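Got a few minutes to look at a ligand site and some backbone oddities? Pull up the model and follow along.

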Amino acid sequence: MAEYQLYCFAQSGNAYRAALMLNLIGADWEPIFVDFFSKGEPRTPEYRANVNEMGEVPVLVHKGKRLSQSGVILTYLARHSGKFRPEGEDEELETLRWIIFDNQKVNGYLGPYRFLRTLARPPGDPTVLGFLKGRIDNSLAILDKRLATRPFLLGNRPTIADLSLVGYLYFPPDEFGFDIAAQHKSIAAWLERIKALPGWKHPYDLMPGHPIPGR
Ligand SMILES: N[C@@H](CCC(=O)N[C@@H](CS)C(=O)NCC(=O)O)C(=O)O
């Protein structure tokens with residue numbers, strides 16, 4: 001058995017943050033496939049009782065610990081590996097600030113938007129999609145501005161703040177219906193910098209479950 005297990009599925013950008021971190025730090029890890037699309041597994045009483053009471057992926061299992069929330073998982077892995085770790089109180093707080101902003105307003109909107117537009121059966125209400133798209137445009141502009149003056153979110157080196165914020169940004173543009181990188185030049189350049197890190201992989205090559213059977 002690998003040292004780390006990660007409950008995940010390929011279409012989850014929330015899980016991608018953790019899977020990417022594990023790969024970038026060279027961890028000995030294995031995915032545990034969670035069947036969201038045909039079984040709604042995270043919503044089952046068994047999953048909530050045995051894996052995560054919050055009914056979500058990702059969940060990381062390591063040495064008897066079971067952690068959920070990608071921001072918590074990233075923090076744990078940074079502390080244990082010493083890689084992508086914010087140094088000192090100011091950087092720690094700055095990292096937390098960007099992870100919370102990401103969870104609520106960047107990938108926190110991109111995930112549901114892509115799901116309702118492309119993956120949900122039936123697809124989401126256009127009014128809801130329009131609301132989310134407006135919030136996404138606003139948040140991506142804030143991220144693009146931040147990255148216009150520095151190579152990574154905190155400065156000259158990548159940290160877990162960057163690995164959180166890339167969560168949904170490598171999925172194909174046709175899944176969103178707009179091209180994030182083409183519309184935001186600083187985000188595009190930053191995505192290329194993260195992609196060049198040794199161990200980087202696309203979410204569909206890193207986690208099981210793509211393509212969704214029958215689609
Ligand atoms: N803030 C959480 C979000 C986790 C989350 O929403 N995961 C989704 C998959 S992308 C999930 O498991 N949803 C289960 C459901 O809606 O039933 C994190 O960063 O880990």
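Here is a short tour of the ligand, its pocket and three unusual spots in the backbone.

## The ligand and its neighbours

First, keep in mind that this is a predicted model. The ligand has 15 residues around it, and S12, R43, V57, Q69 and S70 are the closest. Sorted by class, that shell comes out as six nonpolar, six polar and three charged residues.

Which residues put polar atoms by the ligand's oxygen atoms? R43 does so with its side chain, where a polar atom sits 2.5 Å from a ligand oxygen. S70 also uses its side chain, with an N or O atom 2.6 Å from an oxygen atom of the ligand. V57 works through its backbone instead: a polar atom there is 2.8 Å from a ligand oxygen. As for how covered the ligand is, it would expose 520 Å² on its own, and the protein buries 80% of that.

## The pocket

Where does the ligand sit? The space it takes up is the largest pocket. That pocket holds about 620 Å³ of space. It is lined by 26 residues, and those closest to its centre are S12, N14, E56, V57 and Y168. So S12 and V57 are worth picking out on screen: they are listed among the closest residues to the ligand, and they turn up again by the pocket centre.

Which elements build the wall? Those giving two or more residues to the lining are α1 (13–24), α2 (36–39) and α6 (107–119). The top contributor is α6, with seven residues. By class, the lining is made up of ten nonpolar, eleven polar and five charged residues.

## Backbone oddities

A bit of background helps here: most peptide bonds are trans, and most residues other than glycine have a negative phi. This model has some exceptions to look at.

Take V57 again, the residue with the backbone contact to the ligand. Its peptide bond to P58 is cis, with omega near 0 degrees. P58 itself is in the loop that runs between α3 (45–50) and β3 (59–62). Another cis bond links R121 to P122, again with omega about 0 degrees. You'll find P122 in the loop between α6 and α7 (126–147), and α6 is the helix that gives the most to the pocket lining.

Last stop is K63, which isn't a glycine but still has a positive phi, about 50 degrees. Look for K63 in the loop between β3 and β4 (65–68).

Terms used:
Residues numbered from 1 in each chain as written. Predicted model: local features only at pLDDT ≥ 70, side-chain atom pairs only at ≥ 80, totals over all residues. Heavy atoms only, no water. Near = heavy atom within 4 Å. Polar contact = N/O pair within 3.5 Å; in protein donor to acceptor, adjacent residues only side chain to side chain. Areas by Shrake-Rupley, 256 points an atom, 1.4 Å probe, with all protein chains shown as cover. 1 Å grid on protein atoms, 1.4 Å probe; cavity = no way out; pocket = protein on both sides within 12 Å on 5 of 7 lines; lining within 4 Å. Sits in = over half its atoms within 2 Å of the grid points. Nonpolar A, V, L, I, M, F, W, Y, C, P; charged D, E, K, R; others polar. Points joined across faces, edges and corners; volume = space filled by probe spheres on them. Helix = DSSP H or I, 4+ residues; strand = E, 2+ residues; numbered from the N terminus.
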